[in-house]
Every structure is written in C-alpha cells, then in structure tokens.
Amino acid sequence: MQQPGRAAEIKAIGIGKSFGSFRALDDLTLNIGRGEFLTLLGPSGSGKTTFLMILAGFVQPTVGKLFSDGVDITERPAEQRAAGMVFQGYALFPHMSVEANIAFPLKVRKKSAAEIKRRVAEMIERVGLKGHETKLPAQLSGGQQQRVALARALVFEPGVLLLDEPFSALDKSLRGQMQAEMKRLHQETGTTFVFVTHDQSEALALSSRVAIFNHGKLLQVGAPDEVYDRPANRFVAEFLGEINMLPLKGVKRADDGATALCEDRAITLRGNAEAVNGNAILAIRPEHMSIAREAAAGENGIAATAVGSTYLGAATKLDLTTRQGAKVTVSVPNEVAAAALIKGNSVWLTWPAEKGFLLPDGG
Amino acid sequence: MRGTLSDRMGAALLMAPLLLFLVLAYAWPFLGVVKWSVTLPTPGLGQYGALATDALVQSVFIRTLRIALIVTMVSVAAAYAITMVWVRGSPAQRIIAEFCILVPFWISVLTRAFGWVALLSNRGLINTWLQSIGFISEPLALVRNEFGVIVGMTHFLIPFAVFPLASAMRSLDERVLLAARGLGSSRMRTFWTVFVPITRSGIIGSAMIVFVFSLGFFVTPAILGGGRSVMIAELIYLRIFQSPDWGLGAAISVVLVLFVGALMALLFRHVRPKQLI
C-alpha cells in the first residue's frame, strides 16, 4: 500500500458495510500497527472476511474511512493498493507455471527481466519450492500450492499481506508446519500481516494481536493472552476456548480485585478491575482449575462430583456437577481423574484467585 | 476415468443403441458415397486425380476455407463478448443475452438468410437508408458476394460458438481474477493475461465447432452468395443434381469429410470432449 519493502500502518475508522438490509460490518474502528501480525477471528458471517476484502479493495465500505500510512485509501481500487493477498483455495493462475505465478506481480510492475528472475528465484528458495519451478499448480500438493500463493503475494514486498483462511484446506500436520513457516516469513519480511481465521487455536498461536468479531461487530482486540485470560464478554470467553461459568452472589469490590459468594462459599478474585457489584458470572478456563480432597481455609474452592471423563492422552477432561447443579469441566492429570471418578466420590474444585474473572450476569 | 473391464463393457453396451444409429444413419450411406467416388463413371481413382487438377474445384475449396476462417474469427470474437455478458453480467444483462442467444434457434435458417437479403440488397433497408441520408450515392454491394455470405453465416453460427465458451467461463474461479487485480494487474491486463488464457479450451472448442460447421454450409451461401460465391457444399450439390457428375461430387464429399475428420482428431488431442459442452 506504499513503497515496497516497508510495512504499512493501517487505520480503519468507523467502517460499515451493508448488503441490502444485512449489516455485514458495523462501525469498525481498528488500528493495525506497522509490522504486526493481526488475526481477525470469528465465526462465519461475523464480518471478518468482509473487513479483509475492504482492506484489499475488493469491497467498498458503505461508510467509514481507511488510511494506510496516513493516506486515505478508501476509494483506491484494489490494483492500486496492491496489498499481497492469499486467498482461501489459493487462487493460483492455473495456466501458469510456479515461476510464472510468482513472477506475475513483478511483470505487472514492469521490472526488468533480470530482476524478475533474481527475485523469483530468491522467493522460490525462501518458501522451499526449489525443483518445482516449471510445474503447473494442478501438479502440486495442497501445501506446495499454499507456498506458491504465499510467494506470489510476498514477492513484490507489499506493505501488508492479507490472508483469508489460508490453511482451511490443509490436514492437521501440514497446517502446523505451514503456520510455523508463516510465522518465520512474518519475522523475515517484517511486513504487516492480517490473517483471517475461524480457528481460535490458530489465532492464539500465530498473532501478535487478535481481533474477535461476531455479527459484524468488533468485540475485542488484544494480545492472545490478554483476550484469552481477560475476555471482554461471554462470547469472546467462549469462542476462544472451553470455559466454566459459575454464578456469583454478593460481589464486592476490594483492593486489587473482589470478593463474592460462590455456592455459599466465600471466594476472592484478583486483578479484575472492572468487577461489578451484586450478581455476576465467574469464568475460569478448565486448565486453571484443579481437583483436591479439601479446600484449605481462604482458598477458592467448591464441592463437586465427577460424572464423566474424556481421555485425551496427555491429560483427562473431567466433567463434574457442583452441589447446586452447575456443570464444570476441568483438565487434570490422568491419575487425578481416575481417583476422582470413583463412584460417589465428592471432590473439591479449586482455582487461584488471579485466574477467575467476572462477566456481567446474563452477558 | 478408467474403470475395470466390466465397467467399460457396461459403458459400451449403454452406448450401443446410439452407435448403431450412427452407423445406420451416417457410416453406411457414407460408405455408399465412397463407393460412388471410386466407381462412377468408371472404376478407379480417376475422380481424385481430376480433383487435384480441376482449377474450379480448387478455387472453391480455397474460397470455402477463407470464408470459414473469417466466419470463425468473427463469430468466436462476437460470441466471446456475448458470453461474458451472459455468464458474468448483472441479472438483467443475463436475461437479455440469453434471449439474444436463444431467439435465432427458433427461426429457420432459410428465413434468416432471406432476412439478410432484405437488409443488405441494393434496394434493401441498409442501402436505401444510407442513400436517403445522403451518405452514399450508389448502393453498396453487400449481398451476392462473399461479404453477404460471411454476414449470414456469422449470424447463424454465433449461438453455437457461445456454449463451449460459456462452459469454460463458468468453471473459472472468480478468486483468480480478484487475485490478479490484488497483485496490481489492471482490468484490461487481467482480461488478456488471465481470463482469456484460462478460457482457452473454450475458445478452441468454439472455433472448431464454427469452422467445421461453416465448411459444410449450404443454404446461407446459396442464397446470400447468389451463385457468385459458391462454397464447397453448393459445388457438391451442383455436381450431383445438375451436372450430373456423381463421381466427382462424391469424391469432393469424401475429401471434405476426411478433412473435417482430421480437424476433429486434432481438436480432441488438445481439448477433452467434456470441455466442449
């Protein structure tokens, strides 16, 4: 979106997009920092892909402004923005060899034959496609096509690389490999990456920041640990991974946190400044809860009974029911789960005060 | 796809009625024509020898090829534009394009040829109109020559050229075009370097259909050529029904069929049949 080789900084201000009466995107304001790896995460129809298409210039926003390095590019056509783009399904040119695909953006820019040759060779080396130069896309595996798509999108050193669910067609092991490769390419090129996915683990693993969308609205933006550990609302909390919800009563703000009653037991929360007074929901990730015979005085804990389990290899997912009937899932070592599962064995669920967080009641 | 032997036997059995019909309706009569060409008026290859030296036959052959080539280029180019509107246009544009493609099929080739005569002749609509606005003083020779034949044939063949192109354009992934633009390519450049090459199989299929079709055209050149622009099919007709020189007519027919057969063989080596539909 600017001179090649320099990562772009993008500002979206009040972007909205309607298709007829359907609001695909609603009042989105977001800054994408120079060289950052931002993931747009959300279920299908959440507006994340629409926003990516607006960034690429394929879709015109109904309202709002888009700036790249301070320049208004809202009206600029896609071919003049020249953001690198990797499509779902790759969209390689089927009639061109690997080499010709990667050379395309350079030819469009009227680079000299010698420069094109050098940069294409460099790029082929970088994405590990040596020996495949003259093959057609149809002769390549999914992972190789993916590499061609990445090489083609990066060869002209765009200020920003846009990726639309690039790994959705790959099997799991290849996916992990390509994710690692993409992270490496991000570090090597220093370009701004904007990545669309509906896979939360992919989002958390890759990004420097994650933007979570639902129903056309941007719900939260933050570093992966920030959005995972301190989600802004129930949707974000649930979308980013399994989470237990326990009703709280009598929430009172205290120094550096809050106190409350959970199933008639006093508990404490730490580090949650936005604590609400009165009733609320306590949210805790399964891996942050443990099983104990007793809860020590002052320790957060409630009594529960194990009702089922799922063996996951490295650990066991244990399903429990609390005395007041709330369902809770914890992830515990296999032998702990086995002990807890002995019929009728009542156990204690405990968690550190800083791992639980409050969500507004009903929200 | 290659199945097992029994699969292929099954497929052959399913096609048997059609094959039988083709043999009875085309191959058997054609063998009769081949027989005439080597037996009439006297047994031997004399008629083929005559073909090789007959200046009239050769000039008609060359004219036929020339007209077929021009008609093919114009038809495919026009069909390409119409098909783009049909496949990629707005809903209203699609309906109009579809109408333009289908309506010609409902009107007989004879009616259409006379329609063109009415438009193009010396006292036809175009000449009288051009004269009345003072653009020309003498009528233009638009019919009873090659020009008229080409116009009439192109008009007839455009709809046939549309279908292979439509199939190629429909199977094209829209994202490939977006990708080209996203990589900095203008709409024009995307059209020429991405859209056209990807629909190449459709262009080849379309061109072959039109070309082969136009080689055997009879009614349109007979009416719009007015006997001055004789094409090969009309020559065969004249040899068999008017001269009557059945042996020579049959020999020309055999050469034409072999020529078309060779072209089709060439076509199927480059594009698979399913890409033509």
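Student: In which helix of chain B is Ala262(B) found?

Tutor: Ala262(B) belongs to helix 13 of chain B, which covers residues 246-270, and, as with everything we discuss here, this is read from a predicted model.

Student: Why is Ala262(B) called buried or exposed?

Tutor: Ala262(B) has 10 C-beta neighbours inside 10 Å, and the label "exposed" applies when 12 or fewer other C-beta atoms lie within that distance. Since 10 falls under this cut-off, Ala262(B) counts as exposed.

Student: What separates Ala262(B) from Pro17(B), in sequence and in space?

Tutor: The two residues are 245 residues apart in sequence, and their C-alpha atoms are 26 Å apart in space.

Student: What makes up the secondary structure of chain B?

Tutor: Chain B has 13 helices and zero strands, and its pattern along the sequence is accordingly written with α alone, as α-α-α-α-α-α-α-α-α-α-α-α-α. Its C-alpha trace spans about 75 × 70 × 35 Å along the principal axes, and 31% of its 277 residues count as buried. Among the contacts of chain B between residues at least 6 apart in sequence, 75% join residues at least 24 apart.

Student: Into which domains is chain B divided, and what contact do they make?

Tutor: The assignment gives domain 1 (1-39) and domain 2 (47-276) of chain B, with 29 Å between their C-alpha centres. Five residues of domain 1 of chain B are in contact with eight residues of domain 2 of chain B, where contact requires C-beta atoms within 7 Å. On the side of domain 1 of chain B that touches domain 2 of chain B, the residues comprise four nonpolar, one polar and no charged.

Student: How many helices and strands are there in chain A, and which domains does it have?

Tutor: Chain A has ten helices and 20 strands, and its domain assignment gives domain 1 (10-236) and domain 2 (242-360), whose C-alpha centres lie 39 Å apart. Its C-alpha atoms fill a box of roughly 75 × 45 × 35 Å along the principal axes, and buried residues make up 40% of its 363 residues.

Student: What is the strand order of the open sheet in chain A, and why are some of its strands placed at the edges?

Tutor: The order is 13-12-11-14-20, with antiparallel pairing. Strand 13 (265-270) and strand 20 (357-360) of chain A each have a single partner strand, so one side of each is left without a neighbour in the sheet, and these two stand at the edges. On average, neighbouring strands of this sheet are turned by 45 degrees against each other, direction ignored.

Student: How do you know that strand 14 of chain A is paired with strand 20 of chain A?

Tutor: The pairing criterion asks for at least two bridges between the strands, and four bridges link strand 14 and strand 20 of chain A in the antiparallel sense, so the criterion is met. One bridge partner is Phe357(A) in strand 20 of chain A, matched with Ala283(A). By the same test, strand 11 (residues 244-254) of chain A pairs with strand 14 (residues 278-284) of chain A, with six antiparallel bridges, and Val251(A) stands opposite Gly278(A) in strand 14 of chain A. Strand 12 (residues 257-262) of chain A is likewise joined to strand 13 of chain A by six bridges, also antiparallel, and Gly257(A) has Arg270(A) as its bridge partner in strand 13 of chain A.

Student: Which residues touch the most other members of the largest nonpolar core?

Tutor: Of the 109 residues in that core, they are Leu52(A), Leu55(A), Ile102(A), Ala151(A), Leu162(A) and Val194(A). Leaving out residues up to four places away in sequence, Leu52(A) touches Leu40(A), Leu162(A), Asp164(A), Val194(A) and Val196(A). Another core, of 48 residues, lies apart from the largest one, with Val71(B), Ile82(B), Val149(B) and Ile232(B) among them.

Student: What makes up the side of chain A that touches chain B?

Tutor: Here 18 residues of chain A are in contact with 15 residues of chain B. The elements that give two or more residues to this side of chain A are helix 2 (78-81) and helix 3 (98-108) of chain A, and the largest share, three residues, comes from helix 3 of chain A. By class, this side of chain A has 13 nonpolar, two polar and three charged residues.

Terms used:
Residues numbered from 1 in each chain as written. Chains lettered and ligands numbered in written order. Predicted model: local features only at pLDDT ≥ 70, side-chain atom pairs only at ≥ 80, totals over all residues. Domains from an automatic or database assignment. Contact = placed C-beta atoms within 7 Å. Nonpolar A, V, L, I, M, F, W, Y, C, P; charged D, E, K, R; others polar. Axes fitted to C-alpha atoms, helices over the stretch in contact; angles between N-to-C directions. Core = buried A, V, L, I, M, F, W, Y, C linked by C-beta atoms within 7 Å. Buried ≥ 20, exposed ≤ 12 C-beta atoms within 10 Å, placed from the backbone.
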